[in-house]
Amino acid sequence: MVGKGGCLVEAALACPSALCLGADTNPDQLAACAANLHHAALRQVGLLQADAARLPFASGSVDAMVVDLPFGKRHARPKGLEAEVLAEARRVLRPGSGRIVLMTTGKASVHKAVAEDCGWQPVSRTEVVLGGLKVWLHLIRRASNP
């Protein structure tokens, strides 16, 4: 869910020694993201066409994730998008040290998804206002023994 890459650009600028990867299912979003990365002259960033609920990474191979979930209910899934993304993040993040930040307007849906999955330890939840919308930043740590 890299979209046009705002979070990815900020992550790459904040952590220049990290290898940052962005994924999205939409090729138009990936093209816009690539243009933004080029404009920012970021070279340590890769892009791939993939679903955030089915990432092509080995289990326990990722240190951190930032996920900008779609705002509203446009992308609803039967299990719940938050639950699907968290289940996949639990698989790919390193046990005990892996962390994920979820940015969403859905405070309750993320809280519910985390509460129903013992593989997570909530760290913090912060409210911000983005373009007039109330948005929540959920920082969650991958448990050592899910």
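Two residues are in contact when heavy atoms of each lie within 4.5 Å. In this predicted model, Val66 makes such contacts with Cys7 and Val101, leaving aside residues up to four places away in sequence. Val66 belongs to strand E3, which covers residues 64–68. The C-alpha atom of Val66 is separated by 15 Å from that of Leu48, a residue 18 positions away along the chain.

**The β-α-β unit**

Strand E1 spans residues 20–24 and is mostly covered, with four of its five residues buried. Strand E2, residues 45–49, runs parallel to E1, and five bridges join the two strands. Within this pairing, Asp24 has Gln49 of E2 as its bridge partner. Helix H2, formed by residues 27–39, completes the arrangement: E1, H2 and E2 together make a β-α-β unit that is right-handed.

**Salt bridges**

Side chains of opposite charge can pair when their charged atoms come close. With a cut-off of 4 Å between a side-chain nitrogen of Lys or Arg and a carboxyl oxygen of Asp or Glu, the model contains six salt bridges. Among them are the pairs in the following table.

| Residue pair | N to O distance |
|---|---|
| Arg90 and Asp117 | 3.0 Å |
| Glu116 and Lys112 | 3.2 Å |
| Lys134 and Glu127 | 3.9 Å |

The salt bridge between Arg90 and Asp117 links distant parts of the chain, its two residues being 27 residues apart. Arg90 lies in helix H3 (residues 81–92), whereas Asp117 is located in the loop between helix H4 (107–115) and strand E5 (120–130). Asp117 counts as buried because its relative accessibility is 14%, and buried means under 20%. Arg90, in contrast, has a relative accessibility of 24% and therefore counts as partly exposed.

In the pair formed by Glu116 and Lys112, both residues are exposed. For the pair of Lys134 and Glu127, the side chains meet at 3.9 Å, N to O, which is within the 4 Å limit for a salt bridge. Glu127 is classed as partly exposed because its relative accessible area is 41%, a value in between the limits of 20% for buried and 50% for exposed.

Technical notes. Residues numbered from 1 in each chain as written. Predicted model: local features only at pLDDT ≥ 70, side-chain atom pairs only at ≥ 80, totals over all residues. Heavy atoms only, no water. Buried < 20%, exposed > 50% of the residue type's maximum accessible area, 1.4 Å probe, protein only. Pairing = 2+ DSSP bridges. Right-handed = clockwise from strand over helix to strand, strands pointing away.
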